[in-house]
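Dear colleague,

I am handing over the structure we spoke about, and would ask you to keep it open while you read the notes below it.

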Amino acid sequence: MKKPLVAVLSGAGISTDSGIPDYRGPNGLWRRDPEAEKLVTYEYYMGDPEIRRRAWRMRREAGTLHARPNAAHRAVAELERAGVPVRVLTQNVDGLHQLAGMPARKVLELHGTARGVVCTGCGARGAMEDALARVDAGEEDPPCGACGGVLKPATVMFGERLDPVVLGEALSIAKACEVFVAVGTSLQVQPAAGLAGVAADHGARLVVVNAEPTPYDDRAAEVIREPIGTALPELLRGLG
Ligand code: ZN
């Protein structure tokens, strides 16, 4: 018998055990601090070199690249290794699902990745690690090595559109999956909220694992409020 497709939609809550705070959720750090929000807002970032210099300093100090996957990330990767078809749709930009062992082609990063940089002029891509090494070496706002254009993280900043290809794939998975697990996301912002709705509309069994209530709890077959680090491994073992 063909095993059912499991979609895991993950938000900031899955990475807090890895020491990464919720930056961009409705109550996230950036939303509560207008000055910090400017650092990740496309218009300000492109328009003001001082904002960029502060943003590079912030990235250097945040140390996001050093974060390690936790039990919840590992549980998702283990389910995939057990032979269950799994796709991850993540709002996170930390790359921790892949570091835990999920094949990159099975992870859709809805908001891009903080592990890469992209040139806003020519589109050239590179590693964040290399860009941060240049900041360490004294470049306060390292430009693109190819064209001299402004470099930014390969994340979707506020004011930028989501990648329509990634979004289209995420919608297809939401429609096709038989189980849709929303973990560590408040389901209050798009596209996360829409994806949960699409999955439920198409008959998926919706499971919500989140400390706080979400607008989709009443459509969920199961709502789990326990800590993600223990609740998700237990839930996924049941699916495997
Ligand atoms: Zn360039």
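What follows is an account of one helix, some charged pairs and one sheet.

This is a predicted model, in which local features need pLDDT of at least 70 and side-chain atom pairs count only at pLDDT 80 or more, while totals for chains, interfaces and linings use all residues. Residues are numbered from 1 along each chain as its sequence is written, and side-chain values use heavy atoms, with hydrogens and water left out.

Helices and strands are DSSP runs (H or I, at least four residues; E, at least two), numbered from the N terminus. In helix α5 (residues 71–81), the buried residues (under 20% relative accessible area, 1.4 Å probe, protein chains only) include A72, V76 and L79. The buried residues of α5 pack against β1, β2, α6 and α10, contact meaning heavy atoms within 4.5 Å. Just after α5, G83 takes a positive phi of about 100°.

There are 12 salt bridges in the structure, each a side-chain nitrogen of Lys or Arg within 4 Å of a carboxyl oxygen of Asp or Glu. One of them joins E35 to R54, with the closest N and O atoms 3.7 Å apart; because E35 lies in helix α2 and R54 in helix α4, the pair ties together parts that are 19 residues apart in sequence. Within α4, R53 and E50 lie 3 residues apart, about one turn of the helix, and their side chains meet in a salt bridge at 3.1 Å, N to O.

Finally, an open sheet of 3 strands has the order β5-β4-β6 with antiparallel pairing, where pairing requires that DSSP finds at least two bridges between two strands.

Best regards

Methods: Buried < 20%, exposed > 50% of the residue type's maximum accessible area, 1.4 Å probe, protein only.
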